[in-house]
Amino acid sequence: MTAFFPGFEEWDVEATPGVVLHGRSGGSGPAVVLLHGHPRTHTTWHLVAPALAAGGFTVVCPDLRGYGRSSKPEPDAEHLLYSDRAMAADIGGLMTALGHERFAVAGHDRGAYAAFRTAMDFPERVAALAVCDGVPILEALDRADARFAARWWHWFFYGASPHAERVINADPLAWYGFDAAAMGEENHADAVAAVSDPLTVRAMLEDYRAGLTRDREHDAADRAMGLRVPAPVLVMWSRFDDMEALYGDPAEVWGPWCELPVARAVIDSGHHMAEERRTR
């Protein structure tokens with residue numbers, strides 16, 4: 001077996017007032033922060049992070065607020081506490097606390113939205129942005145049709161149903177159906193522990209509620225002002241997920257949001273590309 005995060009330090013760091021992020025960091029060189037998606041934790045990067053560290057990077061892998069072992073603030077009626085803007089502020093604060101003024105940021109799934117918001121809100125600090133299996137949330141919702149609703153029904157169940165928390169917490173392991181063999185033993189154990197906490201489930205649902213409200217509004221305000229990501233952007237998507245079916249070339253969706261030409265890569269994997277790690 002390969003060692004789990006070899007050479008990495010595990011920590012709990014107060015990123016913004018009252019919000020402590022749990023995670024790991026390792027390596028040396030230019031800093032890159034990796035942001036996981038739903039319902040994973042930072043350990044989803046257990047194959048990717050050591051490879052990046054070996055390639056000459058300082059790699060920072062936090063649990064997003066509400067996820068894993070990071071703080072889970074009491075939700076607010078306006079859904080601001082779990083917005084991408086709040087998560088981006090956490091990342092900025094975390095990187096300052098770890099001594100990195102400038103850094104690259106990569107995110108997968110829900111982490112892609114937090115990574116994008118970090119690049120938008122901290123343009124002077126983000127050296128590069130990589131997004132995996134996602135388009136800006138405003139673009140996804142603007143394009144939402146019956147096909148999108150059928151494929152991505154969970155967005156609306158998580159984000160709008162008053163029953164979601166009760167249903168998921170009745171049997172979270174059955175709901176999420178984690179595959180230990182595919183995920184790796186330690187990564188699987190971390191994810192199981194996370195979703196077995198009802199407060200984590202509540203927080204993850206708040207992430208989706210913010211997505212349908214505050215995050216969409218923040219994207220719309222930026223688009224109205226003509227704001228774009230000034231850093232280089234790499235858009236990656238999974239060959240065996242449904243990004244191409246929904247959006248054609250996802251990099252073209254990102255184009256108007258970026259000042260520079262968008263780079264693209266197709267990954268030979270299903271949705272959880274960091275765990276499957278087959279690339280082209």
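**Figure 1. Helix α6 and what covers it.** The buried residues of helix α6, which spans residues 153–160, are Trp155, Phe157, Tyr158 and Gly159. This comes from a predicted model, as do the other views below. What lies over those buried residues of α6? The cover includes the helices α3, α4 (137–142), α5 (146–151), α7 (164–170), α8 (172–176) and α11 (198–225). Keep an eye on Trp155, one of the buried residues of α6, as we zoom in on its ring next.

**Figure 2. An aromatic cluster with Trp155 in it.** Searching the whole structure turns up 16 aromatic pairs. Here's one of them: the ring centres of Phe148 and Trp155 are 5.4 Å apart and the ring planes sit at 80°, so this pair is edge-to-face. To be called edge-to-face, the planes have to be over 60 degrees apart. Are these two residues buried or exposed? Phe148 has a relative accessibility of 2%, so it counts as buried. Trp155 counts as buried too, because its relative accessibility is 4%. Both belong to one aromatic cluster, made up of Tyr113, Phe148, Trp152, Trp155 and Phe156.

**Figure 3. Arg110 over two rings.** Which ring does the charged end of Arg110 sit over, 5.6 Å from its centre? That's the ring of Trp155, the residue we just met in the aromatic cluster. Arg110 also lies over the face of Tyr208, and here the distance to the ring centre is 3.9 Å. As for its place in the chain, helix α3 covers residues 110–121, while α11 covers residues 198–225.

**Figure 4. Met87, buried in helix α2.** Met87 is part of helix α2, which runs over residues 84–97. Its relative accessibility is just 1%, so Met87 counts as buried; the cut-off for buried is under 20%. Which residues does Met87 contact, once neighbours within four places in sequence are left aside? They are Leu64, Arg65, Tyr67, Tyr82, Ala114 and Asp207. Take Arg65 from that list: Met87 and Arg65 are 22 residues apart along the chain, yet their C-alpha atoms are separated by 6.5 Å.

**Figure 5. Helix α2 crossing α3.** Two packed helices are described by the angle between their axes and the distance between the axes. For α2 and α3, the axes come within 8 Å and cross at roughly 70°. That angle makes α2 roughly perpendicular to α3. On the α2 side, the contact is made by Asp84, Arg85, Met87, Ala88 and Ile91, and on the α3 side by Tyr113, Ala114, Arg117, Thr118 and Asp121. What kinds of residues are these? Sort the residues of this α2–α3 contact and you get five nonpolar, one polar and four charged.

**Figure 6. Helix α2 crossing α11.** Now for another partner of α2: the axes of α2 and α11 come within 8 Å and cross at roughly 85°. These two helices are therefore roughly perpendicular to each other. From α2, the contact uses Asp84, Arg85 and Met87; from α11, it uses Asp207, Asp215, His218 and Asp222. How do the residues of this contact divide up? There are one nonpolar, one polar and five charged.

**Figure 7. Three spots with unusual backbone geometry.** Most residues other than glycine have a negative phi, and most peptide bonds are trans. Where does the model have a cis bond? The peptide bond from His38 to Pro39 is cis, with omega near -5°, and Pro39 is in the loop between β3 (31–35) and α1 (48–54). Phe5 isn't a glycine, but its phi is positive, at about 50°. You'll find Phe5 in the segment before β1 (9–16), and with a relative accessible area of 3% it is buried. His79 also has a positive phi, near 65°, without being a glycine. His79 sits in the loop between β4 (58–62) and α2; its relative accessible area is 18%, so it counts as buried.

**Figure 8. His271 and its contacts.** His271 is in the loop between β8 (263–267) and α14 (273–276). Its relative accessible area is 21%, so His271 is partly exposed. Which residues does His271 touch, not counting those up to four places away in sequence? The list is His108, Asp109, Asp133, Ser238, Asp241 and Glu276. The C-alpha atoms of His271 and Ser238 are separated by 5.9 Å, although the two are 33 residues apart along the chain.

Note on methods
Residues are numbered from 1 along each chain as its sequence is written. This is a predicted model: local features need pLDDT of at least 70, side-chain atom pairs count only at pLDDT 80 or more; totals for chains, interfaces and linings use all residues. Side-chain values use heavy atoms; hydrogens and water are left out. Helices (H or I, at least four residues) and strands (E, at least two) are DSSP runs, numbered from the N terminus. Buried means under 20% relative accessible area, exposed over 50%, partly exposed in between (1.4 Å probe, protein chains only). Contact means heavy atoms within 4.5 Å. Rings of Phe, Tyr and Trp (its six-membered ring) pair if their centres lie within 6.5 Å; planes under 30 degrees apart count as stacked, over 60 as edge-to-face and the rest as tilted. A charge sits over a ring if NZ of Lys or CZ of Arg is within 6 Å of the ring centre and within 35 degrees of the ring normal. Axes are lines fitted to C-alpha atoms, for helices over the stretch in contact, and angles run from 0 to 180 degrees between N-to-C directions. Angles under 35 degrees count as roughly parallel, over 145 as roughly antiparallel, 65 to 115 as roughly perpendicular and the rest as oblique. Ala, Val, Leu, Ile, Met, Phe, Trp, Tyr, Cys and Pro count as nonpolar, Asp, Glu, Lys and Arg as charged, and the others, Gly among them, as polar.
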